[in-house]
Amino acid sequence: MSDQGQMIAEYPKSARRGDTKLPRGIRRRGNSLVIYLTHPDGKAERRSLGNISLKTAIREREILQRQIEEGRYEACAPH
């Protein structure tokens, strides 16, 4: 491995990209935040929330995941 490759390998990926570690179920795509939801049957769903704060994304994911667990969740219609 080259010297530059060794220097890069010493740092975690999040530090190399300059962003912080996001909570479970939340990822960043460009400037937008995307939340990942899991249904009781194991099916995963992805929902883009747009350019919002991390706190809002965490809150929104908690609300939607609770609705799924209680059986009150209605998926949005595909475009």
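**Sheet, helix and a salt bridge**

Visitor: Is arginine 72 buried or exposed?
Guide: At 52% relative accessibility, arginine 72 is placed by the cut-offs (buried under 20% relative accessible area, exposed over 50%, partly exposed in between, with a 1.4 Å probe and protein chains only). The model is predicted, so local features need pLDDT of at least 70 and side-chain atom pairs count only at pLDDT 80 or more, while totals for chains, interfaces and linings use all residues. Residues are numbered from 1 along each chain as its sequence is written, and side-chain values use heavy atoms, with hydrogens and water left out. Arginine 72 therefore counts as exposed.

Visitor: Which residue forms a salt bridge with arginine 72?
Guide: A salt bridge requires a side-chain nitrogen of Lys or Arg within 4 Å of a carboxyl oxygen of Asp or Glu, and the count by this rule comes to 1. Here the closest N and O atoms are 2.7 Å apart, and the partner of arginine 72 is partly exposed, with a relative accessible area of 47%. That partner is glutamate 70.

Visitor: In what order do the strands form the sheet, and which strands stand at its edges?
Guide: Strands (E, at least two residues) and helices (H or I, at least four) are DSSP runs numbered from the N terminus, and two strands pair if DSSP finds at least two bridges between them. The 3 strands form an open sheet with antiparallel pairing, in the order 1-2-3. Each edge strand has a single partner strand, so one side of each is left without a neighbour in the sheet; these are strand 1 (26–29) and strand 3 (44–50).

Visitor: How many bridges join strand 2 to strand 3?
Guide: Strand 2 (residues 32–38) also pairs with strand 1, in the antiparallel sense over 4 bridges, and there isoleucine 26 has isoleucine 35 as its bridge partner. On the side of strand 3, valine 34 is partnered by serine 48. Strand 2 and strand 3 run antiparallel, and the bridges joining them number 6.

Visitor: At about what angle does helix 3 run to strand 2?
Guide: Axes are lines fitted to C-alpha atoms, for helices over the stretch in contact, and angles run from 0 to 180 degrees between N-to-C directions. Helix 3 (residues 54–70) lies across strand 1, strand 2 and strand 3, and its angle to strand 2 is about 20°.

Visitor: With which residues is glutamine 65 in contact, leaving aside its neighbours within four places in sequence?
Guide: Glutamine 65 has its place in helix 3 and is buried, with a relative accessible area of 13%. With contact taken as heavy atoms within 4.5 Å, and those sequence neighbours set aside, the residues are Tyr36, Leu37 and Thr38.
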